[in-house]
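Please take a moment with the sequence and the model before reading on. The paragraphs that follow lead through the structure one part at a time.

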Amino acid sequence: MMKTDPVSTYTWIPLTIQDEAEDLVPVISATKEFFYDEDGNEWIDGISSWWTVIHGHRHPNIVQAIETQLKSLDHIILAGHVHKPAEILSKKLLELAENDFEKVFYSDNGSNAVEIALKLAIQYYKNQSVEVEAEAEVGSEDSLSGGPSRESFLIFSSSYHGDSIGSMNVSGLTYFNRIFANLRFPTFESPAPNCFQCKFGKTPDSCKTECLNSFEEEILKERYAGVVIEPLVFGAAGMIFYDKKVLEKIQTLCEKTNTLLILDEVFTGMGRLGKNFAYQLAGVKPDLLAMAKGLTGGCLPLAATFVSKKIYSRFQTKDPFRSFFHAHTMTGNALSCAAGIASVDLLLSEKETILSLESNLRKNMKELQNRLGGKLKNPRVLGAIAAFDWSEEIAEDEYLNPIGKRIRNQLKKNFVLLRPLGRTIYITPPYTISSDSLEKIFQALYEVLSNLGRGIE
Ligand SMILES: *Cc1c(COP(=O)(O)O)cnc(C)c1O
């Protein structure tokens, strides 16, 4: 077969089969839920550009905040220095989290925010050992050697925590990371809960968290540093929702076994589920939390790891060996922090916006279900997420199942950006999307899906 043109000349486009012809959309501008290509076509960004642009593209408040910040300070190394934007943003974030945490540790992407949580968790136990050792008499039974080392994590099969080696390690083993399987440090992977397709045939009412049975057996061995999980929604695995009962049970087991609860809110943080954070909706209290995607409203890279008092206090020491030696060059960038402040302020004014978006999503989903009938499976809406599974074709490996790509390419003809995950189609629009644009997305879905099997492509 003839080799087609490369997809781009100089730039390696991610998550793309390099030698496969795929028409890249050359984008020149964006505003609100729209972006515009070189031919002047107006597209609807139905996934907030990978879940980041929560207030719409180039929100004037964020643009203004960045412009103002640029007049005084661009960037300063955060080691040995501090600045108002970092301090103000940290304070606002801790308030969003209703003071469940003590400190905010900055980085610049979700994978890093997760890895920082992992390193903090491991060092939390190491520091404890050092404390115990210092207090115990030399050679006594209390010294280090006795306790189990806690350097491993309990994880879930449907989890996605990022693409760096560390964050990949605590993600479920999938098509994405299988190639690097030998680099994985040992973890215990528990089957993930999935309340829309419960393997135990239960409903949330009859559920006794049977899906956690092997997890429970394992955590009781008391040798794990932490449990790492995306609260209430496994995002990248296909918008898999699960009940808060699961998190409550995990939290109880964590407390019982002195295991840390590490929540990855890179996707769910900043209001995606209707509350500021998913853990608030679930009513649990994590020890560490990672967030990133919506933090600056998609304008600049920024991520944060929230550290509870319990964890932080173990690092409050003059002992260099108990300090946390971790930093990224652009940590706490002043422009990113200024964008973050504006983004958090916007979020505080958007409570009602998200609620009405949620009911709008429900309404549209119901209509789509009525129009498309039985092939539309597991329709689900939570906060600003709507998802369903399409049953036309089922391949062994969901992501490679070409149906998702076919749907995506068909939608392009309607100038709608969605990126189905295998046969799961989801919409994660900016919270501020208009009803009109939302209807256009659902209408495009109807047209594409009702024609899929008819060879019109
Ligand atoms: C996207 C995502 C990450 C990774 O974030 P990056 O900024 O892409 O490194 C981690 N965890 C979750 C839940 C995510 O959705």
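Does Ser90 count as buried or exposed? The model shown here is a predicted one, and in this model Ser90 has a relative accessibility of 11%; because buried means under 20% relative accessible area, Ser90 counts as buried. Ser90 is found in helix α3, and, when residues up to four places away in sequence are not counted, Ser90 touches Val104 and Tyr106.

From there one can turn to the nonpolar interior. The largest nonpolar core has 90 residues, and those with the most contacts inside it are Leu93, Ile250, Phe306 and Trp390. The helix that gives the most to this core is α13, which covers residues 435–451 and supplies 7 residues. Apart from this core lies another one, of 25 residues, with Ala117, Tyr124, Leu260 and Val266 among them. Ile250, one of the residues with the most contacts inside the largest core, touches Phe156, Leu212, Phe215, Val227, Ile229 and Leu261, again without counting residues up to four places away in sequence.

Trp390, also named among the residues with the most contacts in the largest core, leads on to Ile407, since Trp390 is one of the residues that Ile407 touches. Ile407 is found in helix α12, which runs over residues 402–412, and at 0% relative accessibility Ile407 counts as buried. Beyond Trp390, and leaving out residues up to four places away in sequence, Ile407 touches Pro420, Ile425, Val448, Leu449 and Leu452. The C-alpha atoms of Ile407 and Arg380 are separated by 19 Å, and these two residues stand 27 residues apart along the chain.

Arg380 itself has its place in strand β13, residues 376–382, and with a relative accessibility of 5% Arg380 counts as buried. What does the side chain of Arg380 make with the side chain of Asp389? The two side chains make a polar contact, at 3.3 Å. When neighbours within four places in sequence are left aside, Arg380 is in contact with Asp389 and with further residues, including Phe196, Gly238, Met239, Phe241, Met365 and Thr424.

Another buried position is Gly340, with a relative accessible area of 0%. Gly340 lies in helix α10, residues 334–348, and touches Leu89, Leu295 and Thr296, not counting residues up to four places away in sequence. Gly340 and Ala225 are 115 residues apart along the chain, and their C-alpha atoms are separated by 31 Å.

The backbone also deserves a look. Most residues other than glycine have a negative phi. Ser48, although it is not a glycine, has a positive phi of about 45°, and Glu98, likewise a residue other than glycine, has a positive phi near 50°. The surroundings of these two residues can be set side by side: Ser48 is found in helix α1, residues 48–51, and is buried, with a relative accessible area of 0%, whereas Glu98 lies in the loop between α3 (84–96) and β4 (103–107) and counts as exposed, at 56% relative accessibility.

Helix α1 also holds Trp50, which is partly exposed, with a relative accessible area of 42%. Trp50 touches Leu15, Lys293 and Arg419, not counting residues up to four places away in sequence. Between Trp50 and Ile165, which are 115 residues apart in sequence, the C-alpha atoms are 21 Å apart in space.

Lys293, touched by Trp50, brings the reader to the ligand. Which residues surround the ligand? The ligand is surrounded by Trp51, Asn109, Gly110, Ser111, Tyr160, His161, Gly162, Glu230, Asp264, Val266, Phe267 and Lys293, and by class this shell has 4 nonpolar, 5 polar and 3 charged residues. Val266 of this shell is also among the residues of the 25-residue core. Several side chains place a polar atom by an oxygen atom of the ligand: for Ser111 the distance is 2.5 Å, for Lys293 the distance is 2.6 Å, and for Asn109 the distance is 3.4 Å. Taken alone, the ligand exposes 380 Å², and the protein buries 83% of that.

Key. Residues numbered from 1 in each chain as written. Predicted model: local features only at pLDDT ≥ 70, side-chain atom pairs only at ≥ 80, totals over all residues. Heavy atoms only, no water. Near = heavy atom within 4 Å. Polar contact = N/O pair within 3.5 Å; in protein donor to acceptor, adjacent residues only side chain to side chain. Areas by Shrake-Rupley, 256 points an atom, 1.4 Å probe, with all protein chains shown as cover. Nonpolar A, V, L, I, M, F, W, Y, C, P; charged D, E, K, R; others polar. Core = buried A, V, L, I, M, F, W, Y, C linked by side-chain atoms within 4.5 Å. Buried < 20%, exposed > 50% of the residue type's maximum accessible area, 1.4 Å probe, protein only. Helix = DSSP H or I, 4+ residues; strand = E, 2+ residues; numbered from the N terminus. Contact = heavy atoms within 4.5 Å.
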